[in-house]
Amino acid sequence: MEYAIELKNITKIFPGVLANDNISLKIKKGEVFAIVGENGAGKTTLMNIIYGLYTPNSGEIYINGKRILHNTPKKAIELGIGMVHQHFMLVPIFSVYENIILGKEFIKNGMILDRKKGIEEVKKISDQYGLKVDPKEIVGNLPVGIQQRVEILKVLFRGAEILILDEPTAVLTPQETKELFETINALKKDNKTILFISHKLKEVLEIADRICVLKNGKVMGIKNKQETNERELARLMVGRDVVLEIPKKEKEPGEPILEVKDLVIMSDKGIPAIKGINFKLRKYEILGIAGVEGNGQKELVEALNGLRPIYSGKILINGKEISNFDPWFFRKNGFAYIPEDRRVRGLVLPFSVSYNLFLGRQREKNFKKGNFLNSGYIKVFSSNKVEEYDIRPRNPNLKVDDLSGGNQQKVIVAREVSYDPDVLVASQPTRGLDVGAMEFVHKKLVEQRDSGKAVLLISLELEEIMMLSDRIAVLFNGEIVGELSQEEATEEELGLLMLGLKRYDKKEVS
Amino acid sequence: MKNLAFDNINKILNWWNAKKEDISTFLVPIISIIIAFFVAAIMIKMTGKSPIAAYKLLFQGALGSSLKEFLSLKQAGEGILKGAILTLTGLSVTVAFKAGLFNIGAEGQFIVGAIVAAYFGFKFNLPPLIGIPLILIIVGITSGLYGAFAAWLKIKRGVHEVITTIMLNWIAIHLVENWIVVGPFNILRYNPQAVLAGTPYISDSSRLKPLFSGTRLNSSIFIAIIAVIIIYIIINKTILGYEIKATGLNIIAAKYAGINTAKTMIVSMFIAGALSGISGACMILGTEGRYPGVFRPGYGFDGITMSLIGNTTPVGTFVAAIFFGLLRAGATGMQLIGIHKTFADIIQGVATIFVAGQAGIKYLLFLIGEKRVVKPREAHDGSY
């Protein structure tokens with residue numbers, strides 16, 4: 001049988017890293033083939049090899065049975081390989097059809113752009129695959145799900161027979177994901193081959209025919225969808241049993257710790273991004289804030305950090321109104337944070353692990369000796385934390401930049417939890433983390449809740465919100481459009497709220 | 001045997017791969033300076049002179065023509081003195097750099113320090129051990145505030161410090177040289193018979209005296225060394241240094257973690273200003289004895305170079321400053337065969353360019369360690 005893609009013993013070495021270790025794969029024509037693995041498992045490297053961005057150190061690539069030498073993206077495109085990147089490569093001020101035909105424009109009379117033909121062709125291809133778009137719409141105005149559709153059309157327009165989708169659902173709502181899956185099924189019917197990269201096991205089990213698990217650059221196994229389950233895949237990925245559901249202790253929420261009253265926050269453009277929201281967060285409770293990206297989460301988190309001034313309204317902690325909008329004042333009053341962007345907000349990358357473990361606490365009694373750093377205490381403190389939080393490698397003097405993403409996040413969690421805060425604000429705390437590290441962060445959040453802290457979890461990952469939160473508030477267009485208890489919440493219902501297709505009457509969310 | 005040799009090469013390569021980041025921080029400035037010497041040699045050759053003869057004179061001019069002369073510091077003293085002045089302005093740039101600020105204003109802070117030292121050196125007639133430290137403290141505070149002003153503008157108004165410090169340089173130069181020195185603090189007001197333009201001479205007790213006869217080298221060098229030690233300790237051992245580094249390396253994370261980054265920037269620019277000011281004071285109290293009619297020393301601008309070549313560390317800045325101090329003093333010697341002393345500037349300039357473009361040198365250095373693993377077979381077997 002002729003395979004769409006056949007890889008034989010592909011090895012790719014970066015200085016000091018074995019990114020792909022002797023990988024052999026056979027991908028059939030017309031199948032949806034998923035590749036899952038933790039961050040750094042080598043998924044993206046392998047895709048870039050197929051797409052011709054990297055040259056393997058050894059091994060052979062066959063496309064449609066033909067050996068490929070000196071692969072380049074240009075050659076890959078000619079051979080019918082198309083890649084839909086995680087971050088879209090679209091010109092936002094161009095219309096849909098302009099984006100699709102870009103680089104393959106139709107010319108009339110030798111030099112004039114034939115717009116009519118372009119629109120026609122785009123319509124034709126969008127009808128053919130049932131990917132509905134309005135060719136004249138400006139791309140920047142479209143929701144993310146439709147933009148992704150434009151990306152897929154762009155690839156199809158270039159005659160792709162093999163589509164590589166790199167983490168396509170990372171930016172989508174549940175409804176949009178469903179639509180994407182319909183698209184994928186339609187493409188499959190048309191005998192297109194699809195390579196689906198993801199680390200979300202549920203999705204992979206839903207859409208893929210076969211699933212390949214990578215770990216440390218090696219193939220750990222290739223499973224048929226029918227013969228496997230989430231637990232098995234997770235074990236292959238991480239190399240040990242992973243707890244997917246984290247048990248919470250039965251706790252009655254205590255008195256409110258954080259209160260937000262009629263809060264209005266402006267965006268960078270000076271228009272309200274948060275339009276008068278109210279919520280209360282209590283002891284022994286995780287409040288999840290769900291929503292599609294760009295509905296005010298960023299502004300809300302920054303205001304709760306003290307990085308962004310509030311326009312009106314109040315933030316109260318333990319009944320005391322925050323009067324000074326400076327990050328140190330928030331922290332002094334019992335806030336701690338896990339940021340969504342650990343490399344920018346969470347860590348000083350050129351600093352050692354040890355230095356990062358007490359960032360912001362350097363003027364506390366234990367950490368200083370007069371005007372000097374108390375190096376003795378710092379040494380003990382950081383080796384304790386490295387041990388306690390299983391930060392690897394176990395060397396607090398290592399530059400934090402040299403750690404993996406999961407271990408970097410552990411450094412942040414260790415620091416923030418050691419503040420012993422009243423409120424822990426976790427903003428997308430597992431973004432970009434693999435299953436193992438994710439489990440760790442989730443455990444720590446639940447631990448905090450169980451020990452009587454209040455946790456505010458802001459996340460775009462619905463699964464995460466639904467699993468951890470005691471209550472879920474949905475943010476849409478700067479407003480809380482609904483609040484559900486963990487029992488009430490279904491993916492369907494939350495999805496409708498997130499898209500603004502439904503809203504509950506304005507009631508005091510508490 | 002052959003295997004053994006390969007093993008050893010591999011061992012060296014592995015060691016290099018592990019250490020290359022650290023080693024190249026020292027290697028890059030040294031290589032840059034060597035390249036600079038080559039470039040200058042080509043230029044000397046183009047003027048028809050012998051580079052070897054020129055460099056010999058340069059060397060002798062810097063250190064002395066014999067070991068004995070070198071050890072007596074008669075010849076080298078001049079270079080070390082220049083080096084001391086450059087160390088202080090270089091440290092100024094280094095401290096600001098650690099906080100993520102580019103202090104182009106060392107020149108202005110230097111001039112403010114110089115005029116303040118000239119004034120109090122003239123007014124005070126105290127015992128040297130009290131008077132001189134007192135002058136240095138006053139200078140430190142004045143120039144420190146002048147430096148901190150730029151940081152304050154950045155925090156309050158969002159103006160970039162490169163813009164403000166450059167503007168503050170010109171404000172200082174014109175206020176001092178076109179007003180104070182020719183107006184209210186002109187020598188003619190105190191001594192109508194004076195011939196040379198400038199401010200009146202400072203009192204004898206305010207002078208930094210030469211350490212021994214036959215040289216101008218004075219205790220500026222001790223002031224510079226003490227400053228290097230203090231700044232080293234501040235940056236590496238204190239809470240303030242920790243906050244300065246955190247702010248400089250990632251201001252967002254520092255702020256997020258609750259560090260008062262505004263205060264940190266103001267304090268570091270205050271220290272930077274004070275160091276430049278003290279450098280200017282050393283120049284007045286030691287070498288000039290007053291603020292001359294036309295000064296324009298350029299030590300502030302050179303401080304940027306010293307800091308960059310010194311890899312923006314206190315000790316590195318010191319080494320670079322002493323090296324270039326000696327080089328400039330020695331360059332005077334090259335004039336014997338008709339090479340202008342500004343050739344030292346060419347060497348300094350070329351070295352700076354290469355240090356600034358260190359990514360290129362590092363790339364070449366790192367190529368050494370790249371192991372060539374099995375290459376993909378490149379045979380064309382007729383397929384694609």
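**A tour from the sheet of chain A to the contact with chain B**

Begin in this predicted model by selecting residues 210–215 of chain A, which form strand E11 and pair with E12(A) in the antiparallel sense over 6 bridges. Within this pairing, pick out A:Cys212 and then A:Ile222, its bridge partner in E12(A).

Now widen the selection to the sheet to which these strands belong, an open sheet of 6 strands in chain A with mixed pairing, whose order reads E6-E9-E10-E3-E11-E12. At its edges stand strand E6 (81–84) and strand E12 (218–224) of chain A, and because each has a single partner strand, one side of each is left without a neighbour in the sheet. If you follow the sheet across, the twist averages 20° from one strand to the next.

Next, select residues 43–50 of chain A, which make up helix H1; this helix lies across strands E3, E6, E9, E10 and E11 of chain A, and runs at about 150° to E9(A).

Step back to chain A as a whole, and colour residues 3–238 as domain 1 and residues 246–334 together with 458–510 as domain 2. The C-alpha centres of these two domains of chain A lie 35 Å apart.

Finally, turn to the contact between the chains, which takes 32 residues from chain A and 24 residues from chain B. On the chain B side, select helix H9 (239–249) and helix H10 (251–256), each of which supplies at least two residues, with H9(B) giving the largest share, 6 residues. The residues on this side of chain B that touches chain A divide into 15 nonpolar, 5 polar and 4 charged.

Technical notes. Residues numbered from 1 in each chain as written. Chains lettered and ligands numbered in written order. Predicted model: local features only at pLDDT ≥ 70, side-chain atom pairs only at ≥ 80, totals over all residues. Domains from an automatic or database assignment. Pairing = 2+ DSSP bridges. Helix = DSSP H or I, 4+ residues; strand = E, 2+ residues; numbered from the N terminus. Axes fitted to C-alpha atoms, helices over the stretch in contact; angles between N-to-C directions. Contact = placed C-beta atoms within 7 Å. Nonpolar A, V, L, I, M, F, W, Y, C, P; charged D, E, K, R; others polar.
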